[in-house]
Structure formats: structure tokens, C-alpha cells
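Please look through the structure below with one question in mind: how do side chains bring together parts of a chain that are separated in its sequence? The paragraphs that follow take up a helix, then ring pairs and charges, and finally a few unusual places in the backbone.

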Amino acid sequence: MDSKEKGTKTIAEDKYRSFLHDEAETTEWRHGGPPSYDSVNQLFEEGRTKEWPKGSVEEIVQNAIKSWEMELSHKTRLQDFKTINPQKFKLIVNGREGLSAEDTLRIGSYNALLKSSLPDELKYYKAEEETFESSHEAFRSAFPRGFAWEVLNVYSGPPVITFKFRHWGFFEGPFKGHAPTGQKVEFFGVGVLKVDESLRAEDVEVYYEPAELFSGLLKGELISESQSQQIHTSSHACPFSN
């Protein structure tokens, strides 16, 4: 496997995420350096339902979304992003008002994707009460091996790419006071991605049913904070990514 040197440490290339190590020395990383996706890559390879031919439009779209998620989760400056057009970018989830690149980076992908207009008493997850860091920690805790993502179908090619996707992981750590069940949690959705001539995303529309995700996460019995912390510590949580 190819690798690049960062100081005295050898970092393996990631075959699913371009730009992970490009210009790594000048990129401002959220946690001090490029992340490792070894655990979630293994989960993806063991659980995917499709294996797309190299160079196919499906593989290109799948890797592009993985690269975008990587940048959004681990880079702190829009100037370091290579997967989006920061001036035009909008993220639209389930038809709600679009979020700019700055807003999406500030609140994080999970809060952006899990915002809801439901009354507070009906919300599975209150995105407005979470920070970037707390949202990532909540799902990193629940899915210590990561939350894998695959493209199931691509219905149209660039400049407007329409695709169906699947997201899955194993609920092996505590989530918001609920004990882990060890069971697979997954949900499905549809995305519409408008790209420019350099294949940078300008508009990302995502449609899915959040109840598919939370029905699995809320199955676990309620536990105390101390029990949750004990389970979390023993699960050896690793970076959450797709």
C-alpha cells in the first residue's frame, strides 16, 4: 500500500478518500493531523452490498462523498476543502432551508443532517442543543467501529448526480443514556448532488427517514451516566467516519 511520510511517522494512503494526504502539511486539521479510517474501511468492506468497478460512476460518486465527509469532519478551514465550491455550496436535508458551507462546517455534518422542525417533545435528537464536538462524540460512542456508507445506485451522472445510499454500523457503545444492543443499525436515503466542471459540489440535497436510524439507537435500555461512561471506556471508541 502506498504511504506518505509525516515527520517520522508513515501514514498509509486511503483508497476511498482522495485529498486525505494531499497537502497534509499545510492543511489545518481538527485533531492535529489526517485521521485514520482503517476501522470503518474494514466495516465497509465486510458489510457492503455492492462492489463497484474501478472508475465507474458509482465508485466515483461513492468516493467523492466519503472524501467530502472526511473534509467536513476533520478540516477546520474552508480554504483547505477540495470537494466543494465554498462560494456556492448549499446542504439541503429533507427539503429544509439550505445551509451554507460556513454553517455546515460550524455545526458539523450530524447536526446538519439531524435538524428537525418537530416539536421538542417529539425530537429523537435535539441538534440545536449540540455542538460540533458533542454530536461527533455521541455517534462515535454509539458506533465505536464507525458508521459505514455505500452507494447503492446512481440514476444520473454529472452535472446533476442522483443516487441512493445506505448507512450502517453496529450499536456497540452507549447513546444518549441508552445501553448498546450490539445490533446493526442502518438507514437508506436518496441524494442529489450538483457539481461544477471540476466535480466540486455546489448543492447537496439529502432525503431520508431519521426514524430508521433512531429506532435502532433507542432500543437499548436506559442506563445511568456512570454505567454509560464505563461501557464507553471499555468499547475503545475510534474515530467516527464513513
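In this predicted model, helix H5, which covers residues 132–142, is largely enclosed by the rest of the structure, because 8 of its 11 residues are buried. The buried residues of this helix are Phe 132, Ser 135, His 136, Ala 138, Phe 139, Arg 140, Ser 141 and Ala 142. An α-helix has 3.6 residues a turn, so residues three or four places apart point the same way. What do the buried residues of H5 pack against? Their partners are helix H2 (57–74), helix H3 (101–107), helix H4 (109–114), strand S6, helix H6 and helix H7 (225–234).

Aromatic rings offer another way to follow the structure, and the count comes to 16 aromatic pairs. One of them is formed by Tyr 16 and Phe 44, whose rings meet edge-to-face, with 5.1 Å from centre to centre and 75 degrees between the planes. An angle over 60 degrees is what places a pair in the edge-to-face group. Tyr 16 belongs to the loop between strand S2 (9–12) and helix H1 (38–47), while Phe 44 belongs to helix H1 itself, so this pair ties together parts that are 28 residues apart in sequence. Both Tyr 16 and Phe 44 are buried.

A second pair, made by Phe 175 and Phe 214, is tilted, because the planes of the two rings stand at 45 degrees while their centres are 6.2 Å apart. Phe 175 is in the loop between strand S6 (160–170) and strand S7 (184–195), and Phe 214 is in helix H6 (residues 210–217), so here the parts tied together are 39 residues apart in sequence. Are these two rings buried or exposed? Phe 175 is buried, with a relative accessible area of 1%, and Phe 214 is buried as well, at 2% relative accessibility. Ring pairs can also join into a cluster, as they do for Phe 143, Phe 147, Trp 149, Phe 163, Phe 165, Phe 187 and Tyr 208.

Charged side chains come next, and the count of salt bridges is 15. Arg 17 takes part in two kinds of arrangement: it forms a salt bridge with Asp 14, in which the closest N and O atoms are 3.1 Å apart, and its charged end sits over the ring of Tyr 37, 3.8 Å from the centre of that ring. Arg 17 counts as buried at 2% relative accessibility, and Asp 14 also counts as buried, at 12%.

Arg 166 can be read in a similar way. Its salt bridge is with Glu 150, and the closest N and O atoms of the two are 2.9 Å apart. Because Glu 150 lies in strand S5 and Arg 166 in strand S6, this salt bridge ties together parts that are 16 residues apart in sequence. Glu 150 is buried, with a relative accessible area of 0%, and Arg 166 is buried too, at 4% relative accessibility. Arg 166 also lies over the face of Trp 168, at 3.9 Å from the ring centre.

In the salt bridge between Arg 200 and Asp 196, the closest N and O atoms are 2.9 Å apart. Here Arg 200 is partly exposed, with a relative accessible area of 27%, whereas Asp 196 is buried, with a relative accessible area of 9%. Salt bridges also link Asp 120, Lys 123 and Glu 128 in a network.

The last stop is the backbone. Most residues other than glycine have a negative phi, and most peptide bonds are trans. Where, then, is there a cis peptide bond? Such a bond joins Pro 158 and Pro 159, with omega at about 15 degrees, and Pro 159 is found in the loop between strand S5 (148–156) and S6. Lys 176 is not a glycine, yet its phi is positive, at about 50 degrees; this residue lies in the loop between S6 and S7 and counts as partly exposed, at 44% relative accessibility. Leu 199, also not a glycine, has a positive phi of about 65 degrees, and it is found in the loop between S7 and strand S8 (201–208).

Conventions:
Residues numbered from 1 in each chain as written. Predicted model: local features only at pLDDT ≥ 70, side-chain atom pairs only at ≥ 80, totals over all residues. Heavy atoms only, no water. Phe/Tyr/Trp six-rings, centres within 6.5 Å; stacked < 30°, edge-to-face > 60°. Helix = DSSP H or I, 4+ residues; strand = E, 2+ residues; numbered from the N terminus. Buried < 20%, exposed > 50% of the residue type's maximum accessible area, 1.4 Å probe, protein only. Lys NZ or Arg CZ within 6 Å of the ring centre and 35° of its normal. Contact = heavy atoms within 4.5 Å. Salt bridge = Lys/Arg side-chain N within 4 Å of Asp/Glu carboxyl O.
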